[in-house]
Amino acid sequence: MKNMLITGGAGFIGANFTRYILQNDPQAQIVNLDLLTYAGSLENLRDLPDESRYTFVNGDICDRELIGRLINDHAINIIVHFAAETHVDRSIFGPSTFVQTNVIGAFTLLDAARKAWLEDKVVPVEQARFHHISTDEVFGSLQPEDPPFSETTPYAPRSPYAASKASSDHLALAYHHTYGLPVTITNCSNNYGPYQFPEKLIPLMIANALERKPLPVYGDGQQIRDWLHVEDHCEAIYRVLQNGRLGETYLVGGDNQTRNLDLVQTLCAIMDEVRPGAPHTDLIRFVPDRPGHDRRYAIDASKIHAELGWAPRHNLRDGLRQTVQWYLDHPQWIEAIRDQGGYQDWIERNYAQRTEERS
Ligand code: NAD
Ligand code: TYD
């Protein structure tokens with residue numbers, strides 16, 4: 001029995017995961033619960049493989065009554081929780097939705113699962129699993145020489161987004177230790193790939209480069225992120241769902257630590273190949289930094305490798321090339337996002353005040 005409730009399945013990673021499951025697990029039935037905020041789009045779920053095993057529900061993870069009903073009506077025994085507010089810059093302008101969705105939403109789901117699985121015994125608890133998707137940002141910021149984050153790194157979140165995700169991680173583990181809820185957690189690094197909303201670094205740079213608009217690099221561009229291809233992430237989550245130990249956290253990284261400026265320059269080189277003309281690096285602009293900008297994230301993924309045999313398959317250069325090609329092949333997807341109310345407002349709000357520092 002695999003009746004899966006995926007939350008946030010109309011967002012970037014959730015939509016990729018929905019496709020991954022429909023392609024790779026013929027036994028799974030999926031209910032996708034998504035509020036369709038600015039970050040969620042049914043465009044991300046067009047042409048799903050084997051749609052007969054898939055149901056979409058437009059709703060809020062904070063709606064306790066709805067969650068209880070979905071678990072009961074669909075005999076849900078697996079919850080994969082992606083839904084969240086996810087953009088650090090937005091969390092700086094407006095943290096309250098981050099607390100509501102990321103903390104209260106996670107709590108609502110955990111408590112509904114506890115009631116359904118442990119009290120009402122809607123499904124056999126041995127077959128139940130609550131998998132919580134989290135981020136490496138809960139661990140704070142590394143200096144250049146620091147060892148990478150591991151499962152034993154103390155939590156030290158520094159943005160409202162990271163703090164809200166840290167809270168949800170603590171609640172998930174508390175529900176495991178206190179009530180015996182069958183919980184697992186993955187904390188992953190920055191994802192990239194198809195269907196990512198063009199407010200995050202890589203799709204924003206691709207979308208702007210396609211229109212030969214400025215490419216805004218925050219601060220000195222020397223911040224380091226570890227880039228994980230979304231398909232590698234989906235495979236890691238699936239391995240944890242199948243064989244991960246209950247109450248455990250697994251860190252998932254792409255083994256691709258890169259400085260932001262180097263990443264943007266690599267994207268420019270790829271864009272020069274596919275759209276020849278003036279060098280795309282001419283479009284790079286250094287703009288004022290993000291407040292509290294974390295300097296470096298890095299992941300030691302040896303636990304998931306040793307226990308579950310997972311390792312990333314994509315190297316960054318090929319993954320970026322493939323991602324650029326996906327955006328080139330889907331102009332209507334970019335248009336639909338751009339036309340959506342609020343995207344231009346966000347771009348103006350976040351970037352208009354960031355006047356160029358130097359170029
Ligand atoms: P996203 O912003 O692309 O999508 C989030 C989805 O959640 C959207 O479809 C949105 O409509 C939905 N949602 C928001 N609030 C909701 C609510 N109250 N009820 C129901 N649905 C709601 O996010 P993503 O990049 O796909 O991230 C998915 C998860 O992975 C998040 O939990 C995020 O913290 C985590 N994560 C993401 C990254 C990354 O690089 N993207 C890295 C580490 C961890
Ligand atoms: P982002 O994609 O927002 O992910 P996160 O903040 O969760 O790591 O940003 C990735 C990095 O790119 C981060 O160091 C901030 C930087 N950045 C820019 O330099 N310019 C931009 O326009 C954006 C959106 C991000």
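**Close-up 1. The shell around ligand 1, sorted by residue class, has 13 nonpolar, 12 polar and three charged members.** Keep in mind for this and every other view that we're looking at a predicted model. There are 28 residues around ligand 1, and the ones that come nearest are Ile13, Asp34, Thr86, Tyr161 and Lys165. As for where the shell comes from, helix H1 (12-24), strand S5 (129-135), helix H5 (160-179) and strand S7 each chip in at least two residues. S5 gives the most, with three residues.

**Close-up 2. Backbone atoms of Ile13, Leu36 and Ile61 meet ligand 1.** Start with Ile13: one of its backbone N or O atoms sits 2.7 Å from an oxygen atom of the ligand. At Leu36, a polar backbone atom is 3.4 Å from an oxygen atom of ligand 1. For Ile61, the partner is a nitrogen atom of ligand 1, at 3.0 Å from a polar backbone atom of the residue. How much of ligand 1 does the protein cover? On its own the ligand has 830 Å² of accessible area, and the protein covers 97% of that.

**Close-up 3. Side chains of Asn190, Arg290 and Tyr351 reach oxygen atoms of ligand 2.** Here the contacts come from polar side-chain atoms: the one on Asn190 lies 2.8 Å from a ligand oxygen, the one on Arg290 lies 2.5 Å from a ligand oxygen, and for Tyr351 the distance is 2.6 Å. Ligand 2 has 510 Å² of accessible area by itself, with 97% of it covered by the protein. Two elements, helix H6 (201-210) and strand S8 (215-218), give two or more residues to the shell.

**Close-up 4. Ligand 2 has 17 residues around it.** Which of them come nearest? That would be Glu137, Pro216, Arg290, His293 and Tyr351. Split by class, the shell has eight nonpolar, four polar and five charged residues. S8 provides the largest share, three residues.

**Close-up 5. Tyr38 and Phe197 make one of the 17 aromatic pairs counted in the model.** Their ring centres are 5.2 Å apart and the planes stand at 85°, over the 60 degrees needed, so this pair counts as edge-to-face. It links distant parts of the chain: Tyr38 is in the loop between strand S2 (29-34) and strand S3 (54-58), while Phe197 is in the loop between strand S7 (190-192) and H6, 159 residues away. Are these two residues buried or exposed? Tyr38 has 18% relative accessibility and counts as buried, because the cut-off is under 20%. Phe197, at 6%, is buried too.

**Close-up 6. Tyr195 and Trp333 form an edge-to-face pair.** The ring centres are 6.4 Å apart with the planes at 80°, hence the edge-to-face label. Tyr195 is in the loop between S7 and H6, and Trp333 is in helix H11 (residues 331-339), so the pair ties together parts 138 residues apart in sequence. Both Tyr195 and Trp333 are buried.

**Close-up 7. Aromatic rings also turn up in a cluster and under arginine side chains.** The cluster is made up of Phe17, Tyr20, Phe82 and Tyr238. Elsewhere, Arg90 has its charged end over the ring of Trp346, 4.5 Å from the ring centre. Likewise, the charged end of Arg114 sits over the Tyr179 ring, at 5.4 Å from its centre.

Key:
Residues are numbered from 1 along each chain as its sequence is written. Chains are lettered from A and ligands numbered from 1 in the order in which they are written. This is a predicted model: local features need pLDDT of at least 70, side-chain atom pairs count only at pLDDT 80 or more; totals for chains, interfaces and linings use all residues. Side-chain values use heavy atoms; hydrogens and water are left out. A residue is near a molecule or strand if one of its heavy atoms lies within 4 Å of it. A polar contact is a pair of N or O atoms within 3.5 Å; within protein, one must be able to donate a hydrogen and the other to accept it, and residues adjacent in sequence count only if both atoms are side-chain atoms. Accessible areas come from the Shrake-Rupley method with a 1.4 Å probe; for residues, only the protein chains shown count as cover. Helices (H or I, at least four residues) and strands (E, at least two) are DSSP runs, numbered from the N terminus. Ala, Val, Leu, Ile, Met, Phe, Trp, Tyr, Cys and Pro count as nonpolar, Asp, Glu, Lys and Arg as charged, and the others, Gly among them, as polar. Rings of Phe, Tyr and Trp (its six-membered ring) pair if their centres lie within 6.5 Å; planes under 30 degrees apart count as stacked, over 60 as edge-to-face and the rest as tilted. Buried means under 20% relative accessible area, exposed over 50%, partly exposed in between (1.4 Å probe, protein chains only). A charge sits over a ring if NZ of Lys or CZ of Arg is within 6 Å of the ring centre and within 35 degrees of the ring normal.
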